[in-house]
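Thanks for coming. I will go through one model this morning, residue by residue where that helps. Please have a look at it first.

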Amino acid sequence: VSMMATVGYLIAERTPTIAYGTGTPTHIANDMVPDVPGTVLFPFFLLINIAEALRANRGWVEPGLGPLFSLRDNYYPGDLGFDPLGLKPSSAEEFAQMQAKELSNGRLAMLAASGMCAQELVTGQPLLG
């Protein structure tokens with residue numbers, strides 16, 4: 001999610017919109033969030049909620065059927081079986097390496113997104129303007 005947010009900051013500031021004018025856009029991305037209609041946000045967050053509920057149902061033992069906060073025996077964190085392009089490594093060691101790289105990239109993207117947000121809030125200017 002944070003990787004998409006980082007790209008979204010950069011694209012949103014440079015994409016012409018009807019609300020902000022179709023000229024050369026140099027508006028602050030933080031100011032656009034409240035302008036997103038609820039009819040767009042509600043389905044977006046509903047889909048996120050459903051995806052997380054399905055992931056939790058697949059990976060975690062239900063309360064009362066085992067110790068609290070325990071994973072199922074046949075579940076490996078991060079492996080949901082979704083690999084349409086066949087990129088998942090076959091060995092457990094290679095999968096752990098790929099998972100560590102993905103976590104590092106996600107953490108870096110979180111820092112980047114929070115830095116962009118903070119810069120816009122402090123300076124009041126767009127990132128690329």
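I will use three words for accessibility: buried is under 20% relative accessible area, exposed is over 50%, and partly exposed is in between, with a 1.4 Å probe and protein chains only. This is a predicted model, so local features need a pLDDT of at least 70 and side-chain atom pairs count only at pLDDT 80 or more, while totals for chains, interfaces and linings use all residues. Residues are numbered from 1 along each chain as its sequence is written, and side-chain values use heavy atoms, with hydrogens and water left out.

Confidence next. pLDDT is the predictor's confidence in each residue, from 0 to 100. The chain average is 83, and 90% of the residues score at least 70. Helices here are DSSP runs of H or I with at least four residues, numbered from the N terminus. Helix H1, residues 2-14, has the lowest mean pLDDT among the elements, 82, and H3 has the highest, 91. Where pLDDT is low, the predicted coordinates should not be read in detail.

Now Phe-69. It sits in the loop between helix H2 (38-59) and helix H3 (92-123). Is Phe-69 buried or exposed? Phe-69 counts as exposed because its relative accessibility is 75%. Its phi is positive, about 60°, although Phe-69 is not a glycine.

On to helix H1, where Thr-6 is placed. Thr-6 has a relative accessible area of 15%, so it is buried. Which residues does Thr-6 contact, apart from neighbours within four places in sequence? They are Ala-109, Ala-112, Ala-113 and Met-116, where contact means heavy atoms within 4.5 Å. The Thr-6 side chain also reaches the backbone oxygen of Ser-2, at 2.9 Å.

Helix H3 gives us two residues to set side by side. Glu-120 is in H3 and counts as buried, because its relative accessibility is 2%. Leaving out residues up to four places away in sequence, Glu-120 touches eight residues by name: Tyr-9, Glu-13, Ile-28, Ala-29, Asn-30, Gln-125, Pro-126 and Leu-127. Leu-121 is also in H3, but at 63% relative accessible area Leu-121 is exposed. The C-alpha atoms of Leu-121 and Asn-30 are 7.9 Å apart, with these positions 91 residues apart along the chain.

Last, helix H2, where Leu-41 is found. Leu-41 is partly exposed because its relative accessibility is 30%.

That is the tour; questions are welcome.

Methods: Polar contact = N/O pair within 3.5 Å; in protein donor to acceptor, adjacent residues only side chain to side chain.
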